[in-house]
Amino acid sequence: MVGKRHFKNKNGFSRKKEAEQWANRLEQSKFDKSIGKADPTILFEDYYQEWLNTYKIGKLARITEQEYRYTHKQIETLLPHVKLSEMTRLRYQQFINDFVHGDETQRASRHLNGDEPYHSKASVEKLHGHIHAAVIDAVADGLIKSDFCFHVELGGHAGKSTQLKYLELDDMKKLATEVNTNIKLSSTSKSMIYTGLLTGMRVAEVSALTWSDVDWNKKTIRVNKSWDYVYGQKFKRTKTVSSIRTISVTDKLLNHLKQLHSLQMAAQLDNPDHLVFMNQRGRIPSPGACDSLLKKYHKELGIKRISFHGLRHTHANYLLYSGVKMEYISKRLGHKNTAITRNIYAHLLEADQSIEDDRTLTALTKIN
């Protein structure tokens, strides 16, 4: 019996299986020549450093870059000379556990016993977030087959406080009244506090305000930069792109700033950058100076002790209490989305939920 004759196709293959095998070899060849054929001996710490240099360095605020570098230091310390290809979920979980626990010196400094965590949940989550982003890219580039960060159990202590520190309405009014009087160049930190309280701006955003950012006619303040206290007295980018925004402000705040501007003009300050809160010594008050003044008001006015960032929380809390929509508050604060705002002020929303529940039930009982 004469066998069935096979004819080669245009690519020179007599069978489909041969063509598929050829295609597979071709794809493998391409893969081998690409980053998919990575050095199997590359260390995890070296890969993270290369990822950091490629995707993060020079693209973030310097203080944020320092946080990513800190993560690299932890990898070097707790996972020395471990290959990227040898990383597993078990090994990564052990790494996280070691970081949570802290080393002997760290634990001794706080007199920790047993399984008490050294690092906070926030610190652990930040470290994990940095590493997970790098690992996801490693999987996408074919350097490793799976995400070894998947379903890791994070730990850590609760931190200084799980409750936001903000002023209630009566304390807010006391503080606003105090810092809106006796405006002078020798205490521009008062003016910074007043601005933070009425805008919800971050301290670095308030510090970086220039007179061109204030629109007297439209009654707005434009946030488009921040002030670098850590690496020198100079401008830097805002925390995020979404932090760039325009805020509507009250006549009282504008009048306060007009008085401050008049004082600067009269004193003929050397202020080439036209900074709003330049004091008579030619400097912007530091966050520490503002916090010290708030501590003083805590004692003198009998108000809650808060930091400058607490003014931001106070502003948001007051707007929520006043029934302002979450979407507006989120944009005013410069958050990327409302989910971030909701997460930060979750406990305030829970209190509002309780109030709304009572109102709803009261309304429904009137039906019958």
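Let me begin with the cysteines: a search of the whole structure, which I should say at once is a predicted model, turns up 0 disulfides. As a reminder for the bench, a disulfide is a covalent bond between the sulfur atoms of two cysteines. Two of the cysteines deserve a word on their surroundings, since Cys149 has a relative accessibility of 2% and therefore counts as buried, while Cys290, at 0% relative accessibility, counts as buried too.

Stepping back to the chain as a whole, we have 15 helices and 5 strands, and of the 368 residues in the chain, 36% are buried. If we take the contacts between residues at least 6 apart in sequence, 63% of them join residues at least 24 apart. The accessible surface of the chain comes to about 22,300 Å², and carbon and sulfur atoms account for 51% of that surface.

I would now like to turn to helix 8, and to two of its packing partners. Helix 8, residues 188-199, and helix 12, residues 308-321, have axes that come within 7 Å and cross at roughly 30 degrees; with an angle under 35 degrees counting as roughly parallel, the two helices are therefore described as roughly parallel to each other. On the helix 8 side the contact is made by Met192, Ile193, Gly196, Leu197, Leu198 and Thr199, and on the helix 12 side by Phe308, Leu311, Thr314 and His315. Sorted by class, this contact of helix 8 with helix 12 has 6 nonpolar and 4 polar residues, and no charged ones.

How, then, does helix 8 pack with helix 11? Helix 11 covers residues 287-301, and its axis is 10 Å from that of helix 8, at an angle of about 80 degrees, which makes helix 8 roughly perpendicular to helix 11. Here Ser189, Lys190, Met192 and Ile193 of helix 8 meet Cys290, Leu293, Leu294 and Tyr297 of helix 11, so that the buried Cys290 from my opening comes back as part of this contact. The residues of the contact of helix 8 with helix 11 divide into 6 nonpolar, 1 polar and 1 charged.

Let me finish with a single loop residue, Leu112, which lies between helix 5, residues 104-110, and helix 6, residues 121-140. Is Leu112 buried or exposed? Its relative accessibility is 18%, and because the cut-off for buried is under 20%, Leu112 counts as buried. Leaving aside neighbours within four places in sequence, Leu112 is in contact with Arg107, Pro117 and Tyr118. Leu112 and Gly102, for their part, are 10 residues apart in sequence, and their C-alpha atoms are 9.8 Å apart in space.

Terms used. Residues numbered from 1 in each chain as written. Predicted model: local features only at pLDDT ≥ 70, side-chain atom pairs only at ≥ 80, totals over all residues. Heavy atoms only, no water. Disulfide = S-S within 2.5 Å. Buried < 20%, exposed > 50% of the residue type's maximum accessible area, 1.4 Å probe, protein only. Axes fitted to C-alpha atoms, helices over the stretch in contact; angles between N-to-C directions. Helix = DSSP H or I, 4+ residues; strand = E, 2+ residues; numbered from the N terminus. Parallel < 35°, antiparallel > 145°, perpendicular 65-115°, else oblique. Contact = heavy atoms within 4.5 Å. Nonpolar A, V, L, I, M, F, W, Y, C, P; charged D, E, K, R; others polar. Areas by Shrake-Rupley, 256 points an atom, 1.4 Å probe, with all protein chains shown as cover.
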